[in-house]
Amino acid sequence: MLDIRQLRNDPQGVAANLARRGYRLDLEQFSALEGRRKEAQVAVDALRNERNTRSKAIGQAKARGDDVGPLLAEVESLGARLAAGEQALAGLQSGLDRLLLDLPNLLHESVPEGRDETSNVELRRHGEPRRFEFEARDHVAVAEGLGGLDPRSASRLSGARFAVLTGPVAALHRALAQFMLDLHVREHGYREAWVPYLVTRQTLTGTGQLPKFEQDLFRLARAESESELFLIPTAEVPLTNLAGDRIFDADELPLKLVAHTPCFRSEAGSYGKDTRGLIRQHQFDKVELVQIVRPQDSCQALEELTGHASKVLERLELPYRAVALCAGDVGFSSTKTYDLEVWLPGQGAYREISSCSNCDAFQARRMQARWRNPETGKPEPVHTLNGSGVAVGRALVAVLENCQEADGTVTVPAVLRPYLGGMARLQPA
RNA sequence: GGAGAGGUGGCCGAGCGGUCGAAGGCGCUGGACUGGAAUUCCAGUAAUACCCACAAGGUAUUCGUGGGUUCGAAUCCCACCCUCUCCGCCA
């Protein structure tokens, strides 16, 4: 959520910033609505003030033993007028809230211009894509060769975009997640967390997935109850919301959290994209990094967090590149995002495996995550960051494709071997 | 699923129709004391919105959430959510 004060003080500037994303902010609609809301609120406040004053007078008269009949008569029509005013105000307020909740975050000035991913800026490359002396297969072929992928069963159980992994492939998947978690906890100073995979509408509103992107989520309705829960699309949601409704002391920050969770996405609107293999699934595992920091620290924190995610790929010896997302490609809640793209020999392309975002105060304002700024003594929004460290399913794909051998085996990256009982090579069953 | 208790400010906790944004304590901040500190003493210390210069000052809202009763609700009524204790069931 944007700071409504900034929207009032500098509407042109806000509109110009959002325009970089390709988002058109209707300033006239906003200022008309905001003007009417303000008017209604002033009117309602005045009526409530009158009611409070008169009620107090009635109380005092009663205490003295005076006749309150005339006083009651004076107050007779107040209730109806107040109720009408309050109803009008509530209507205007909810319209304004909805408008505000639907506005994306302002972009950081360093975000490059551009409409879509073709304008993203490559920052650096790490590692040389390996030269294969045989034709590199894609991860589906490699995994099936190992007898570790069962697409028929997956679709029989759950339909399209689900996977069943078995044997060495399932073990490799588990090893990857555990390695990442350990790396971030032991070397990068994150606190391990285990969190709910089902969350409320309010929680998803806090991080920005709702109200606008409900079609991307799996929603669970509970029988004979109006209550509902959603499957998390990323651990960013529960982890970041841990800071919600809190006021941190300065010395409690930064708060660095990591969790390994499944993620669930309905992938509405992505029909036909990445239909083969494990790239795009309704369910996948991810190790997620979240930082809650002081506002002055968030830019630096984004660089560090991206470094933490990069380290995963470096330790796995996977070639990757880092890109800065351009204006049109930065997500709703983010002010600035770096993507890490891993080299996939099966596709001959770099594909996203991590996305690291600085959400500045945008999420903090939505969920009331604050810290007490020693300089002002006041509670002020914290800044929140999140990043994949990294997507486990895609890391599995990357290892299978990059570490495959001509004979169909897969060389296990050295850092994963301790998690596989020392196994150095995955063999066909 | 059955029985009971409860949800109040950064935290703990009193209040149970009117002057209650709410006693008391903890914590925090400032001051006194001290060579410096601890202890002690004094004072201050909620958030949000609106008027307004995001100052001072003022108004409104907020005592789990949403409704209701009332001139007036933290306090009474209804529904829902959540927490805790005991019993049952269960990975």
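**Exercises on a predicted protein–RNA model**

In this predicted model, a polar side-chain atom of Asp-45 sits 3.0 Å from a sugar or linking oxygen of RNA strand B.

**Exercise 1.** Work out which part of RNA strand B, sugar and phosphate or bases, supplies most of the atoms within 4 Å of the protein.

*Solution.* Start with single contacts. Besides Asp-45, take Asn-49: an N or O atom in its side chain is 2.9 Å from a sugar or linking oxygen of RNA strand B. Ser-55 goes for a base instead, with a backbone N or O atom 2.8 Å from a base nitrogen. Now count up: 74% of the strand's atoms within 4 Å of the protein belong to sugar or phosphate, and the rest to bases.

**Exercise 2.** Find which helix gives the largest share of the surface near RNA strand B, and sort that surface by class.

*Solution.* First, list the neighbours: 20 residues surround the strand, and the closest are Arg-8, Lys-38, Asn-49, Ser-55 and Lys-62. Next, assign them to helices. α1 and α3 each supply at least two residues, and α3 takes the largest share with 13. Finally, sort by class: 6 nonpolar, 5 polar and 9 charged.

**Exercise 3.** Describe how helices α8 and α13 pack.

*Solution.* Two packed helices are described by the angle and the distance between their axes. Here the axes come within 9 Å and cross at roughly 120 degrees, and the crossing is right-handed. Then look at who meets whom: α8 brings residues including Leu-172, Leu-176 and Met-180, while α13 brings, among others, Leu-396 and Val-399. By class, the contact has 10 nonpolar residues, 2 polar and no charged.

Definitions and conventions: Residues numbered from 1 in each chain as written. Chains lettered and ligands numbered in written order. Predicted model: local features only at pLDDT ≥ 70, side-chain atom pairs only at ≥ 80, totals over all residues. Heavy atoms only, no water. Axes fitted to C-alpha atoms, helices over the stretch in contact; angles between N-to-C directions. Helix = DSSP H or I, 4+ residues; strand = E, 2+ residues; numbered from the N terminus. Left-handed = near helix turned anticlockwise from the far one by under 90°. Contact = heavy atoms within 4.5 Å. Nonpolar A, V, L, I, M, F, W, Y, C, P; charged D, E, K, R; others polar. Polar contact = N/O pair within 3.5 Å; in protein donor to acceptor, adjacent residues only side chain to side chain.
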